[in-house]
Amino acid sequence: MSDYRVEEDTIGPVKIPSEALWGPQTERSRNNFPTGQFMPIAIIRALLQIKKAAAEANQELDQISAEKGQLIIRAIDELLSLSDEDLRKDFPLRVYQTGSGTQTNMNTNEVVAHEAAKLDDSIEILPNDDVNHGQSSNDIFPTAMNITASVAVKELEDSAQHLIDELKVKQDKYWRTVKIGRTHLQDATPLTFGQEISGWVSMLEHDLGYLKSLDGTLLELAMGGTAVGTGLNAAPGFADDIAARMSKVYGPAFTAKTNKFYGLAAHSNLDVVHGAMKTLAADLMKIANDVRFLASGPRAAYAELNIPANEPGSSIMPGKVNPTQAEAITMAAVRVMGNDVVVTMASSQGNFEMNVYKPVLIDAFLESAELLRGTMTGFADKMIHGLTVNEERMEELVDNSLMTVTALSPHIGYHDSAKIAQQADQDGTTLRVAALKSGKVTAEQFDEWVDPLKMTNIDRK
């Protein structure tokens with residue numbers, strides 16, 4: 001048996017591996033564009049779901065025969081039942097191909113047609129005329145982009161909520177645990193660790209709100225626009241039918257009621273949502289850095305927090321524990337910030353009726369969503385969940401701080417308070433010793449006025 005077969009497309013004959021389900025256009029792309037990562041499998045599954053819905057809609061609208069429609073549906077169900085690893089075997093194309101995603105659309109059409117032939121070769125299913133009936137790569141690929149983006153963002157929102165929930169547990173537990181505050185990387189007045197965490201929680205709650213407020217922008221599907229947005233060769237009602245079916249499959253309320261010329265030429269919805277993901281990444285960078293710096297030590301730095309020992313931290317230094325979950329999430333944040341440039345630049349390239357940066361745009365978008373989702377979950381479960389406080393160290397730093405002198409200002413004035421702090425620093429003594437030595441306050445007054453917990457206003461209604 002030959003290790004290849006020959007099929008023809010409109011350009012001419014092509015040798016194709018004998019066991020492959022793809023056809024000549026896939027084979028051409030596989031050889032012409034061998035560089036970079038594979039097209040995301042989520043896009044492949046979305047395209048299959050869209051084509052299944054298209055076959056169902058085309059049957060109902062009398063655009064294809066019932067026997068052809070049912071065979072296409074059976075073939076797609078077989079493909080959708082495969083694991084990602086097995087499905088990938090027949091979807092070998094790369095992100096860096098034609099900018100419309102046409103070759104991946106044709107890869108899908110060809111694989112479905114060949115799978116249909118395996119099931120029943122008495123009914124001829126053609127990739128273009130049957131599987132792709134009423135569709136164009138120009139509208140089906142951006143439809144798949146919006147569907148996969150919507151699903152990915154929902155999963156990201158769930159992960160953000162999970163991290164918020166874990167942080168709230170620590171916020172409540174340490175609500176009255178006093179620690180020194182820091183501004184400009186210098187000592188400041190006290191606050192509680194719970195108050196500090198509440199700021200992190202609020203950051204993430206705002207970020208989650210930004211994402212949720214934009215959910216609807218991803219629900220408009222370009223389906224039905226076909227080649228340039230006019231809807232040529234798509235039956236009336238075809239796009240609405242597919243949108244309804246996609247809503248049943250994925251959950252969100254997708255709609256085809258959108259300007260198709262916009263849907264093909266622009267991806268501003270993906271751009272603005274990715275901007276919200278970048279904002280989340282920036283806040284996660286700040287939170288993770290705060291945690292790892294507060295946990296630095298354990299003997300030669302802040303050492304206010306104890307982090308879980310998830311794995312050995314050094315190949316040469318025994319007993320070392322590193323803040324690896326914080327490192328992972330901050331690396332992910334950097335990647336997302338870079339991806340935001342990719343998404344923005346790709347979105348700007350909507351020349352005339354077609355944006356031709358679609359594959360790289362959706363690849364960057366989905367990578368950002370997955371990186372943030374996964375690293376947030378790891379950060380929540382493997383760092384925040386097991387995080388504890390070194391209360392003795394926090395108390396020591398508060399007691400040795402000079403900035404608690406701020407509580408004296410209303411009683412003896414800013415100038416004299418500053419002199420006490422400067423004298424304590426110069427003499428290497430505590431603020432209390434310097435204050436009593438100054439003669440400006442008594443021991444009783446100092447103990448009443450300089451109460452770190454009271455300074456946090458923790459009990460203020």
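Is Glu392 buried or exposed? In this predicted model, Glu392 is exposed, with a relative accessible area of 67%, and its place in the chain is helix α14, which covers residues 391-400. On the surface, Glu392 gathers with Glu391, Glu395 and Asp399 in a patch of negative charge.

Salt bridges were counted across the model, and the count comes to 26. One of them joins Asp158 to Lys154, with the closest N and O atoms 2.9 Å apart; because these two residues are 4 residues apart in helix α7 (residues 137-173), they are separated by about one helical turn. Both ends of this pair are open to some extent, since Asp158 counts as partly exposed at 43% relative accessibility and Lys154 counts as partly exposed at 45%. A salt bridge is also formed by Asp290 and Lys286, at 2.4 Å from N to O, and this pair, 4 residues apart in helix α11 (residues 268-294), is likewise separated by about one helical turn. Salt bridges that share partners also join Glu56, Glu60, Asp241 and Arg245 into one network.

Arg176 and Asp459 form a further salt bridge, in which the closest N and O atoms are 2.6 Å apart. Arg176 lies in the loop between α7 and β3, whereas Asp459 lies in the segment after α19, so the pair ties together parts that are 283 residues apart in sequence.

At residues 405-457, an unreviewed UniProt entry places the feature "domain: Fumarase C C-terminal". Over these residues the chain is 70% helix and 0% strand. Ser438 lies in helix α17 (residues 431-438), and its C-alpha atom is separated by 83 Å from that of Asp241.

How values were computed:
Residues are numbered from 1 along each chain as its sequence is written. This is a predicted model: local features need pLDDT of at least 70, side-chain atom pairs count only at pLDDT 80 or more; totals for chains, interfaces and linings use all residues. Side-chain values use heavy atoms; hydrogens and water are left out. Patches are made of residues with over 30% relative accessible area and no salt bridge: like charges are joined within 9 Å, nonpolar side chains (Val, Leu, Ile, Met, Phe, Trp, Tyr) within 5 Å. Accessible areas come from the Shrake-Rupley method with a 1.4 Å probe; for residues, only the protein chains shown count as cover. A salt bridge is a side-chain nitrogen of Lys or Arg within 4 Å of a carboxyl oxygen of Asp or Glu. Lys and Arg count as positive and Asp and Glu as negative; His and the chain ends are not counted. The place of a charge is taken as NZ of Lys, CZ of Arg, CG of Asp or CD of Glu. Buried means under 20% relative accessible area, exposed over 50%, partly exposed in between (1.4 Å probe, protein chains only). UniProt positions are given in the numbering used here, feature names are shortened, and annotations may be inferred rather than shown by experiment.
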